[in-house]
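Good morning, and thank you for making time for this presentation. I would ask you to bring the model up on your screens before we begin.

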2 protein chains.
Amino acid sequence: MTITMGGITVDCANPHTLADFWTKALGYEIAHDYGTFVFIGPADKSSDNTVYLGFQQVPEERVGKNRLHIDFRVDDRAAESARLVELGATVVGEHAVPTLSWTVLRDPEGNEFCVGQPDEA
Amino acid sequence: MTITMGGITVDCANPHTLADFWTKALGYEIAHDYGTFVFIGPADKSSDNTVYLGFQQVPEERVGKNRLHIDFRVDDRAAESARLVELGATVVGEHAVPTLSWTVLRDPEGNEFCVGQPDEA
């Protein structure tokens with residue numbers, strides 16, 4: 001059995017808008033730009049388990065909350081959230097359980113994602 | 001800036017059904033089981049960029065095609081697809097472009113995912 005997570009594809013209206021936001025958000029680079037399908041990934045390609053993000057243009061609009069969302073780990077949740085908002089994200093809410101605090105945000109097309117910081121005192 | 005992809009959360013009806021399918025599909029283990037939220041990840045926790053999968057119970061049903069889907073790389077697309085179907089997946093279709101062939105499948109709750117094999121001759 002050889003099966004490895006290679007990437008996450010995001011259906012969207014404007015692949016370049018999302019690629020622009022997410023490359024800046026994650027420090028990624030555009031890996032391939034096929035116009036209606038844009039892949040981004042880390043500049044450092046040495047890792048075996050790099051997970052690419054792909055933005056695929058689709059005709060249909062987003063309906064309701066996405067069934068899948070990506071969770072990111074950050075060292076400084078307040079600073080990272082502020083940086084992401086400056087890049088075009090929107091804060092939806094803040095949550096905490098005893099071992100984790102996280103902020104829910106939306107990217108420029110409304111896709112939900114979380115930035116979490118473990119053991120935030 | 002320190003922001004790393006930590007996981008993908010899947011909204012679902014039955015976290016344990018999906019955790020069971022996906023642990024077998026990927027060779028992952030259950031990392032945490034909170035009943036309505038189950039995390040799975042690789043047995044080998046040595047990697048810095050492990051991407052966990054989380055299955056979160058939600059009341060609402062899946063509507064239409066998921067806006068995000070996960071793409072997996074495999075070495076033997078036919079064998080892996082057959083194995084995944086045996087575990088409870090359904091094949092939706094097969095596609096190819098000059099450098100890549102892939103199969104679209106659905107997990108037991110209907111979530112689309114792709115298994116791709118580069119440069120399949």
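I begin with one pair at the interface: the side chains of K65(B) and D11(A) form a salt bridge, with 3.0 Å from N to O. A salt bridge here is a side-chain nitrogen of Lys or Arg within 4 Å of a carboxyl oxygen of Asp or Glu.

The conventions are as follows. This is a predicted model, in which local features need pLDDT of at least 70 and side-chain atom pairs count only at pLDDT 80 or more, while totals for chains, interfaces and linings use all residues. Residues are numbered from 1 along each chain as its sequence is written, chains are lettered from A and ligands numbered from 1 in the order written, and side-chain values use heavy atoms, leaving out hydrogens and water.

How many salt bridges does the rule find across the interface of chain B and chain A? There are 2 across that interface, and a search of the whole structure gives 12 over all chains. One further pair is R62(A) with E112(A), whose side chains meet at 3.4 Å, N to O. This pair links distant parts of the chain, 50 residues apart: R62(A) lies in the loop between β4 (52–57) and β5 (68–74) of chain A, and E112(A) in strand β8 (residues 112–118) of chain A. Strands are DSSP runs of E with at least two residues, and helices are runs of H or I with at least four, numbered from the N terminus.

Let us return to the interface. Chain B and chain A each bring 46 residues to the contact, where contact means heavy atoms within 4.5 Å. The area buried between them is about 3900 Å², and carbon and sulfur atoms give 51% of this area. R67(B), L68(B) and R73(B) supply 24% of the area that chain B buries against chain A, more than any other three residues. Buried area is the accessible area (1.4 Å probe) that two parts lose on being put together, summed over both.

Finally, I turn to helix packing within chain B. The axes of helix α1 (residues 15–26) of chain B and helix α2 (residues 77–87) of chain B come within 10 Å and cross at roughly 155°. Axes are lines fitted to C-alpha atoms, for helices over the stretch in contact, with angles from 0 to 180 degrees between N-to-C directions. Therefore α1(B) is roughly antiparallel to α2(B), a term for angles over 145 degrees. F21(B), K24(B) and A25(B) of α1(B) make the contact with R83(B), L84(B) and L87(B) of α2(B).

Conventions: Angles under 35 degrees count as roughly parallel, over 145 as roughly antiparallel, 65 to 115 as roughly perpendicular and the rest as oblique.
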